[in-house]
Amino acid sequence: MTKEVLVSISGLQFAEDMDQEPVEVITSADYYKKNGKHYIVYDEVMEGFAETTKNIIKLGDGCMDITKRGVANVHMMFEKDKKNLTYYYTPYGSLLIGITAAKVDVEETENDIHILVDYALEVNYEHVADCKIKMNVKSKNAGDFKI
């Protein structure tokens with residue numbers, strides 16, 4: 001895997017009273033591997049704000065760790081069969097969120113990393129939605145890019 005990568009992130013929430021349209025982002029990122037863990041680092045622009053949010057995704061055995069710093073601040077842990085609580089700080093206030101991951105699959109090849117995470121999302125101890133994140137990390141020089 002090269003240092004310069006393309007990342008596609010597709011998220012879907014399954015809630016009774018919400019539309020089930022996926023949110024998809026494709027962006028360039030930096031990649032490195034340290035102490036057996038994969039790191040993907042990229043900046044995110046939030047609509048209506050000049051400041052960006054730095055995203056750091058760390059992948060390890062059966063877990064994914066996402067840290068956001070900037071307009072929004074949060075440290076989320078996705079660990080199979082474990083519930084993790086954290087505060088999600090936004091410009092509009094903070095939320096206590098709970099993440100219970102049912103699946104954290106990471107498949108690695110020479111030029112790709114595919115990630116699939118299924119989890120239940122709680123806000124203030126109340127179940128809000130069952131969610132899915134699909135990520136594809138690919139070396140920029142590897143050719144075809146597919147989500």
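**Loops, salt bridges and strands**

Me: Between which strands is the loop in which Tyr125 lies?

Reply: This is a predicted model, in which local features need pLDDT of at least 70 and side-chain atom pairs count only at pLDDT 80 or more, while totals for chains, interfaces and linings use all residues. Residues are numbered from 1 along each chain as its sequence is written, and side-chain values use heavy atoms, with hydrogens and water left out. Strands are DSSP runs of E, at least two residues long, numbered from the N terminus. Tyr125 lies in the loop between β9 (112–123) and β10 (126–139).

Me: What is the phi of Tyr125, which is not a glycine?

Reply: Most residues other than glycine have a negative phi. Tyr125 is not a glycine, yet its phi is positive, at about 70°.

Me: Is Tyr125 buried or exposed?

Reply: The classes use relative accessible area: buried is under 20%, exposed is over 50%, and partly exposed is in between (1.4 Å probe, protein chains only). Tyr125 has 57% relative accessibility, so it counts as exposed.

Me: Which residue in the loop between β6 and β7 is exposed at 60% relative accessibility?

Reply: The loop in question runs between β6 (74–79) and β7 (83–90). A residue in it has a positive phi of about 60° although it is not a glycine. At 60% relative accessibility it counts as exposed, and it is Asp81.

Me: How many salt bridges does the count come to?

Reply: Side chains of opposite charge can pair when their charged atoms come close. A salt bridge is counted when a side-chain nitrogen of Lys or Arg is within 4 Å of a carboxyl oxygen of Asp or Glu. By this rule the count comes to eight.

Me: Which residue meets Lys3 in a salt bridge?

Reply: The N to O distance in this salt bridge is 3.7 Å. Lys3 is in the segment before β1 (4–14), and its partner, 27 residues apart, is in strand β2 (residues 23–34). Lys3 counts as exposed at 55% relative accessibility, whereas the partner counts as partly exposed at 34%. That partner is Asp30.

Me: How far apart are the closest N and O atoms of Lys83 and Glu122?

Reply: Lys83 lies in strand β7 and Glu122 in strand β9, so the salt bridge ties together parts that are 39 residues apart in sequence. Lys83 is partly exposed at 43%, while Glu122 counts as buried at 15%. Their closest N and O atoms are apart by 2.9 Å.

Me: Which residue forms a salt bridge with Lys132?

Reply: The closest N and O atoms of this pair are 3.4 Å apart. Lys132 lies in strand β10 and its partner in strand β9, so the pair ties together parts that are 14 residues apart in sequence. Lys132 is partly exposed at 28%; the partner is buried at 18%, and it is Asp118.

Me: How many residues of strand β5 are buried?

Reply: Strand β5 covers residues 63–69 and is mostly covered. Of its seven residues, the number buried is six.

Me: Which residue in β5 does Asn55 stand opposite?

Reply: Two strands pair if DSSP finds at least two bridges between them. Strand β4 (residues 52–60) pairs with β5 in the antiparallel sense over seven bridges. The two form a hairpin with two residues between them, and Gly62 in the turn has a positive phi of about 65°. Opposite Asn55 stands Lys68.

Me: Which residue in β6 is the bridge partner of Ile66?

Reply: β5 and β6 pair in the antiparallel sense over six bridges. They form a hairpin with four residues between them, where Gly70 in the turn has a positive phi of about 145°. In β6, the bridge partner of Ile66 is Met76.
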